[in-house]
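Reader: I am new to this structure. Please take me through the reasons behind the labels.

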Amino acid sequence: MTDQALKVDEAELRGLLDGRWARVRERARDLLRGDEFAPVSGLSVDDHRARVLTQLKALAGTEVPGYGFPESVGGSDDIGASVVAFEMLVCDLSLMVKVGVQWGLFGGAIRALGTEPHHAEYLPGVMSVDLPGCFAMTETGHGSDVQHLRTTATYDPATEEFVVHTPDESARKDYIGNAARDGRMAVVFAQLNTDGAEHGVHALMVPVRDAEGRPMPGVRIEDCGAKAGLNGVDNGRLWFDRVRVPRTNLLNRYGDVAADGTYTSPIENQNRRFFTMLGTLIRGRISVAGGAGTATKAALAIAVRYADTRRQFARPAADGRSEEVRILDYLAHQRKLLPALARTYGLHFAQEELVTRLHELYGAQERGERDEYAQRELESRAAGLKAIATWHATDTIQTCREACGGAGYLAENRIPQLKADSDIFTTFEGDNTVLLQQLTKGLLTNFQDYFGDLDQLGLVKFVAGRFVEAVIERTAATPLIERLVAAAPGRGTETSLYNRGWQLELLEDREQHVIEGLAGRLRRARKDGSDAFDVFNRAQDHVLTAGRAHMDRVVLEAFVAGIDRCGDQSTAKLLNRLCDLYVLSVAEENRAWFLEHERLSTSRAKAVTQAVNDLCRGLRPYAVTLADAFGLRDEWLGAPIALGAEHARQGEGAAVSAT
């Protein structure tokens with residue numbers, strides 16, 4: 001890598017990152033301004049909840065809520081825009097989550113699982129917030145295991161009503177956003193029973209409060225209370241004591257009950273029906289990944305700006321004078337922030353690609369063109385990206401806190417709030433460990449066509465009964481990636497570490513080796529007659545490693561595709577350096593694997609570490625530009641240390657020293 005200075009086209013870089021939905025990002029920058037949306041700290045739980053509800057209602061008067069809803073009810077039918085708009089709400093992550101609950105989860109479930117009558121009756125009120133709602137899926141006893149929820153909805157043909165009931169404490173709906181204070185209606189997920197037969201989990205519209213805000217008869221509501229973060233969101237618990245709702249309150253796109261109790265569905269297989277229904281709600285998982293990404297960007301913007309200004313320890317000069325060094329000039333500090341910045345760029349491009357896939361697939365489905373393979377692939381990719389992006393957010397925001405020293409611990413500098421608010425994203429929309437297991441299933445040949453339980457036993461049964469081999473699912477940039485890999489000179493020690501084809505091949509080879517090893521391990525264990533659960537449990541570390549290896553490769557390919565879209569040569573060179581830092585950081589983190597499997601020699605592994613050092617030094621002059629390119633307004637960052645306070649302090653100190 002050369003240290004030759006690059007002239008970066010900042011407008012080109014911003015436009016590249018804003019991507020297909022640049023207009024949505026710009027609109028958010030225009031809307032989320034002034035005291036109404038400025039980050040605040042130190043509010044009581046009640047005051048914070050009231051403030052966020054006011055912000056939500058203010059947004060309801062704009063085009064933002066309509067992005068994700070049909071034109072028939074006043075929306076703009078732009079699913080991609082709805083996800084991108086959610087990502088931009090970093091001024092307060094409580095607002096981000098409140099928006100996600102109201103328009104993403106509650107409204108999204110009505111749109112995806114309901115039919116035209118439901119859309120016409122409910123969605124206008126959802127968009128205007130005249131009907132605040134809840135997404136009542138999670139139960140105390142079943143969080144990630146949605147298929148085995150215990151809340152019941154039993155049909156009574158005598159009254160043409162469903163009786164919704166909480167049979168025991170483990171079946172109470174828990175951590176439900178909007179439930180503690182604001183929600184009036186809930187989409188409740190329950191086991192559907194009619195004519196004495198069980199038909200699996202379905203969703204029903206259940207009123208939880210009347211117009212005056214009082215709990216409806218048979219509905220018990222409890223406030224979850226103060227949390228580590230996101231206290232502007234009123235999470236609560238719900239119990240139902242034989243609550244009756246009309247038959248028409250069943251969201252019946254995938255399963256319906258006639259007046260006499262007859263059950264019908266366009267999907268006969270219950271497992272397949274369940275996973276099809278769940279798959280329509282994938283937007284929430286993709287949104288969480290994007291929201292975590294924006295929180296990461298905000299923390300990095302604060303930490304990088306501060307490190308570029310803050311000085312500590314003197315460097316002796318030839319003339320005998322000394323000057324304190326900016327902390328971002330220290331290699332150790334560069335290593336804290338710049339590899340994280342590089343990974344954040346890669347994840348940004350991977351997120352943009354995933355949102356595009358969601359948008360296009362949703363549009364095809366609305367036209368009646370259903371591609372089950374593409375849907376399963378989207379779900380697997382969303383599971384993996386959500387896990388990787390939210391873990392990255394947790395790690396990086398903590399690193400940024402430490403990188404800012406004591407200043408990073410002050411509430412006024414925003415990082416503590418970002419840390420507290422984003423931590424739960426690793427649990428939102430599915431536990432990350434479970435999601436990586438789900439992703440790994442999709443990496444086994446033909447699993448996309450298999451509708452089994454999302455649990456250990458389902459995977460083991462599948463592997464035991466089929467021949468499996470590793471498959472490499474390319475990203476959208478297939479021709480470009482294949483050309484680069486084909487041009488790679490091989491694994492020889494003379495190959496440049498900066499050769500993109502070699503880098504792509506390195507991560508692809510690791511992924512394929514790990515997956516093939518996992519498949520063989522599971523097959524051999526089952527042939528020995530081992531217990532199915534024990535087989536999977538012993539291989540669980542291998543399963544998670546496979547998921548991570550896959551996502552490392554996917555993010556690299558998305559990064560490469562993003563650079564390929566860059567129209568300015570100098571800016572593209574800078575991004576190529578950043579991409580080098582991402583992939584070589586991954587290689588360094590996993591060097592034990594590469595050494596053990598003889599993919600890197602000892603000298604080559606040492607060269608990787610030296611290359612990471614060189615890249616950090618070379619990228620240091622561009623760090624602020626790269627962080628600012630995400631386009632987060634200064635008022636969203638809301639951190640004095642990132643907005644000139646440190647520079648002013650140093651100026652005052654210099655003035656005092658001069659007198």
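Author: Let us start with charges and rings. This is a predicted model. The charged end of R604 sits over the ring of W502, 4.7 Å from its centre.

Reader: Which other charged end sits over a ring?

Author: That of R220, which sits over the ring of W239. The distance to the ring centre is 3.7 Å. The distance limit for such a case is 6 Å. The value for R220 is 3.7 Å, and that for R604 is 4.7 Å.

Reader: Now the aromatic pairs. How many are there?

Author: The count comes to seven aromatic pairs.

Reader: Why is the pair of Y155 and F162 called tilted?

Author: Look at the angle. The planes of Y155 and F162 stand at 55 degrees. Stacked needs under 30 degrees, and edge-to-face needs over 60. The angle of 55 degrees fits neither, so the pair is tilted. The ring centres are 5.1 Å apart, and the limit for a pair is 6.5 Å.

Reader: What makes W593 and F594 edge-to-face?

Author: Their planes are at 90 degrees. Edge-to-face means over 60 degrees, so the label follows. Centre to centre, W593 and F594 are 5.3 Å apart.

Reader: Are these four residues buried or exposed?

Author: Buried means under 20% relative accessible area. Y155 has 6%, so Y155 counts as buried. F162 has 0%, so F162 is buried too. Both W593 and F594 are buried as well.

Reader: Why is N231 called buried?

Author: The relative accessible area of N231 is 17%. That is under 20%, so N231 is buried.

Reader: Where is N231 found, and what does N231 touch?

Author: N231 is in the loop between β7 (219-223) and β8 (236-240). Beyond four places in sequence, N231 touches V45, H48, R49, S94, G225 and A226.

Reader: What makes F425 buried?

Author: F425 has a relative accessible area of 1%. The cut-off is 20%, so F425 is buried. The residue lies in the loop between α11 (415-422) and α12 (432-442). Leaving aside neighbours within four places, contacts of F425 include L93, M96, V97, L230 and V288. G291, A292, K386 and T390 are also among them.

Reader: How far is F425 from A5?

Author: In sequence, 420 residues. In space, 39 Å from C-alpha to C-alpha.

Reader: What fills out the picture of the largest cavity?

Author: A search of the whole structure finds nine cavities of 30 Å³ or more. The largest cavity holds about 140 Å³ of space. Its lining has 16 residues, with G293, K297, L347, H348 and Q351 nearest the centre. Two or more lining residues come from each of α8 (282-309), α9 and α10. The largest share, six residues, is from α8.

Reader: What classes of residue line the largest cavity?

Author: Five are nonpolar, seven polar and four charged.

Reader: And the second largest pocket: what is its volume?

Author: About 380 Å³. Of its 17 lining residues, R343, H392, D395, T396 and E589 are the closest to the centre. The elements giving two or more residues are α9 (331-366), α10 (372-403), α17 (540-564) and α18 (569-589). The largest share, six residues, is from α10. By class, the lining of this pocket has four nonpolar, five polar and eight charged residues.

Key. Residues numbered from 1 in each chain as written. Predicted model: local features only at pLDDT ≥ 70, side-chain atom pairs only at ≥ 80, totals over all residues. Heavy atoms only, no water. Helix = DSSP H or I, 4+ residues; strand = E, 2+ residues; numbered from the N terminus. Buried < 20%, exposed > 50% of the residue type's maximum accessible area, 1.4 Å probe, protein only. Contact = heavy atoms within 4.5 Å. 1 Å grid on protein atoms, 1.4 Å probe; cavity = no way out; pocket = protein on both sides within 12 Å on 5 of 7 lines; lining within 4 Å. Points joined across faces, edges and corners; volume = space filled by probe spheres on them. Nonpolar A, V, L, I, M, F, W, Y, C, P; charged D, E, K, R; others polar. Phe/Tyr/Trp six-rings, centres within 6.5 Å; stacked < 30°, edge-to-face > 60°. Lys NZ or Arg CZ within 6 Å of the ring centre and 35° of its normal.
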